[in-house]
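Please open the structure in your viewer and keep the sequence beside it, so that each selection can be found in both places. The tour moves from one selection to the next.

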Amino acid sequence: MNTLISHTPIWAKLKTHQQYIAQQHLRDLFALDPKRFDKFSIEAEGFLLDYSKNYITDETVNLLLELANKVQLEESINRLFSGEKVNNTEQRAALHTALRNRSNTPIKVDGKDVMPEINKVLVKMQQFTEQVRNAEWRGYTGKPIESIVNIGIGGSDLGPAMVTKALTAYHHPRLKAYFVSNVDATHLSNTLATLDPETTLFIIASKTFTTQETLLNAHSARSWLVKHLGNEQAVAKHFVAISTAKQKVIEFGINPINMFEFWDWVGGRYSLWSAIGLPIAVMIGMDKFEELLDGAHKLDQHFKNTDLANNLPTLFALLEVWYSSFFGIKTQAVLPYDYSLELFPAYLQQLAMESLGKRVTREGRNIDYSTCPIIWGSAGNNGQHAFYQLLHQGTQLIPADFIIAIDSQNDLNGHQDAVLSNALAQAHALMMGRTANETQLEAHKLKQEDKHLEQLINQIPHRVFPGDQPSNSLVYQKLTPSILGKLIALYEHKVFVESVCWNINPFDQWGVELGKQVANMLLPALSSPMDTNINLGVDSSTLGLLKYISKN
Ligand code: F6P
């Protein structure tokens, strides 16, 4: 598109509409329309999405859908699914949907159907996971594997770690999973300190097999293993790799027989459906891993085939475009009221912020509207006792996603009702707030209970809640592999729809390069005594820090 979307009539209409709607309080919108919940909630694919607590009216939704049509969203969805090179800056397809294409219909990249290769790797994963789980795969000294250590970072860590944790209820009873990502030796050392080398299997997960953090951790893990088992040959029984770079895996010393392949058309943060999901499959079994894929596939079908007005990812995304580009929000909270999803906000940070944290269009033109907000959050009740104060009485507009499981993975008397009442209460309180009048009335009530009235009256400004914080509530029955697959796919497609509205490429990540380059340049200065006259071409602050650290 040559014209920036912000210079089109539909954008202007949305801007004007925003000025009108921003003057309403959300509680007024509810007072005006008792049918808001019925109107602005939908049930699909095992979810109820209630988006009524947002700054929207019928007109808003219609205008946002007009925007989606203007940017030709449906055509873009088709391009994504059909294997077109939608990652235009790297000339690659983005076919995470093919990895979970359970219908097995052919999907072509450069004229070649990718499904046979995908299925081949799935079979290899199945054989391997069964061997490990059934204790047929044994360590060098003949003992069954008990600990799986995934070494990877970014997309080669966050997705598998999040899913593995979320599906703890399905873990094999003999096996324990660990995820090592940070290059600080403490992460690996603390993990290894608890492990028995004879029963530990390392999965080295790296799309490129060049990532500094992963390779350093992998080499150190290898040294630890060889030192304890006394023979280089032990590596073959304790290390497998997941990568697109076969040669580099061989150079590391892993036999390609023990390598699980994936392809350059799988983006790192979209890769948990590929062999990168191996730790998940080992922990929960291949049948359950396939249920995860099945769930995601069903959501894919919903996204592809449902009209935009009833399309979960589309509605979700349009709301975020609304808040980011028209209300100028800077951050968005993700609040799972399902402890199993504790790592979901961290996973989502990479998914959304690495995909949408961009400032030029697909064609390289500067953008003049806000794109991705900062995504943050934590498991529901914990957040309430930490940062919700700011949501309730701070100065910023912060939309929130409440992600709510009706049933927990575990059943302890009274716990789940407490979770659910808190989730609903918070969304309600954030939206309705409490006015000065209501606070005063409460003060008088408290006075009758013999509290000190003067003190209560002085407290009123501190005890007023402005409310007016919008939120979505996404409710499901229980976190099964299938529901989790759907949930992740829902957010993936949400990100995609936003990228189409903003005309940005969500599948590259050039923004991670500069820091890596500079780190490589600085590394030699830290590895050996520093020549104080060296000209590294860095600013005086960085040079001062470097000299201080080098000296100490
Ligand atoms: O630095 C960012 C990044 O490139 C992510 O996009 C990716 O998920 C991560 O690094 C890890 O990359 P790899 O799987 O190649 O080690």
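The model shown here is predicted, and the structure holds 24 salt bridges. In general, side chains of opposite charge can pair when their charged atoms come close.

To look at one such pair, select Lys-13 together with Glu-66, which form a salt bridge whose closest N and O atoms are 2.9 Å apart. Lys-13 belongs to helix α1, residues 9-21, while Glu-66 belongs to helix α4, residues 58-70, so this pair ties together parts that lie 53 residues apart in sequence.

Next, select the ligand, which sits in the largest pocket. Which residues are the closest to the ligand? Of the 14 residues that surround the ligand, the closest are Ser-156, Ser-206, Thr-208, Thr-211 and Glu-354. If you colour this shell by class, you should find two nonpolar, nine polar and three charged residues.

Now add Gly-155 to the selection, where a backbone N or O atom lies 2.7 Å from an oxygen atom of the ligand. Then turn to Gln-350, which has a polar side-chain atom 3.2 Å from an oxygen atom of the ligand, and after that to Lys-516, where an N or O atom in the side chain is likewise 3.2 Å from an oxygen atom of the ligand. Finally, show the surface of the protein around the ligand: on its own the ligand has 400 Å² of accessible area, and the protein covers 88% of that area.

Definitions and conventions
Residues are numbered from 1 along each chain as its sequence is written. This is a predicted model: local features need pLDDT of at least 70, side-chain atom pairs count only at pLDDT 80 or more; totals for chains, interfaces and linings use all residues. Side-chain values use heavy atoms; hydrogens and water are left out. A residue is near a molecule or strand if one of its heavy atoms lies within 4 Å of it. A polar contact is a pair of N or O atoms within 3.5 Å; within protein, one must be able to donate a hydrogen and the other to accept it, and residues adjacent in sequence count only if both atoms are side-chain atoms. Accessible areas come from the Shrake-Rupley method with a 1.4 Å probe; for residues, only the protein chains shown count as cover. On a 1 Å grid over the protein atoms alone, a cavity is a set of points where a 1.4 Å probe fits but cannot get out, and a pocket is an open set with protein on both sides within 12 Å along at least five of seven lines; lining residues have an atom within 4 Å of a point. A molecule sits in a cavity or pocket if more than half of its atoms lie within 2 Å of its grid points. Ala, Val, Leu, Ile, Met, Phe, Trp, Tyr, Cys and Pro count as nonpolar, Asp, Glu, Lys and Arg as charged, and the others, Gly among them, as polar. A salt bridge is a side-chain nitrogen of Lys or Arg within 4 Å of a carboxyl oxygen of Asp or Glu. Helices (H or I, at least four residues) and strands (E, at least two) are DSSP runs, numbered from the N terminus.
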